Amino acid sequence: MSFLNPFFRNLMMGGHNKLRNRYMPVNLPPETAEEHTPASTRRAAGKYPASSEEADMLIEVLAEQQLSIKEMPAATRLKDRGNLMANYLNPALKKGSAAMLYPDRPRHPRQKYPLTVKGLDMFNSKQYRELFLK
């Protein structure tokens, strides 16, 4: 009510009270507060996993050359670096199909991500399947 009084004074009586969002407290009941929280625009990691085609795309790109995080979005045609890290690179690192060039220094200025033997096997088996299934 403390915000509504100055609002109606301005509206009906021509008052000049400052009406700002920071002066308007909103206390929603806890059961409705969850309904009114803004939805995130990012995809939750793991909730909607990347398709195998997209994951294979990262393996194909890394099989051709070692790339840094700055070079990966252009090579993979992905725009969001956070999405690339959360849904493609980090799962590849956890599975062991990709590795860091400098594992002891993750923020090394020349950090790149080559494929491991496991990643190369995945790449080669995919190529083998494509050649003989066509």
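Which residues does Leu62 touch, not counting residues up to four places away in sequence? Keep that question in mind while you take in the whole chain, remembering that this is a predicted model.

Begin by selecting the entire protein chain and colouring by secondary structure, which shows six helices and zero strands, so that the order of elements from the N terminus on reads α-α-α-α-α-α. If you switch to a surface representation, the chain exposes about 10,700 Å², of which carbon and sulfur atoms supply 55%, while 23% of the 134 residues count as buried. Among the contacts in the chain with a separation of 6 or more, 39% are accounted for by residues 24 or more positions apart.

Next, select Leu58, Leu62 and Met72, which touch the most other members of the largest nonpolar core, a set of 16 residues. Then add helix H3 (52-64) and helix H5 (81-95), the elements that give two or more residues to this core. In soluble globular proteins, nonpolar side chains tend to be buried together.

Now centre the view on Leu62 to settle the opening question: with residues up to four places away in sequence left out, Leu62 touches Leu67, Met72, Ala98, Tyr113 and Leu115.

Finally, move to helix H5 and select Asn87, which is found in that helix. Is Asn87 buried or exposed? Its relative accessibility is 10%, and because buried means under 20%, Asn87 counts as buried. Show the side chain of Asn83 as well, since the side chain of Asn87 makes a polar contact with it at 2.4 Å.

Conventions:
Residues are numbered from 1 along each chain as its sequence is written. This is a predicted model: local features need pLDDT of at least 70, side-chain atom pairs count only at pLDDT 80 or more; totals for chains, interfaces and linings use all residues. Side-chain values use heavy atoms; hydrogens and water are left out. A nonpolar core is a set of buried Ala, Val, Leu, Ile, Met, Phe, Trp, Tyr and Cys residues joined through side-chain atoms within 4.5 Å. Buried means under 20% relative accessible area, exposed over 50%, partly exposed in between (1.4 Å probe, protein chains only). Helices (H or I, at least four residues) and strands (E, at least two) are DSSP runs, numbered from the N terminus. Contact means heavy atoms within 4.5 Å. A polar contact is a pair of N or O atoms within 3.5 Å; within protein, one must be able to donate a hydrogen and the other to accept it, and residues adjacent in sequence count only if both atoms are side-chain atoms. Accessible areas come from the Shrake-Rupley method with a 1.4 Å probe; for residues, only the protein chains shown count as cover.
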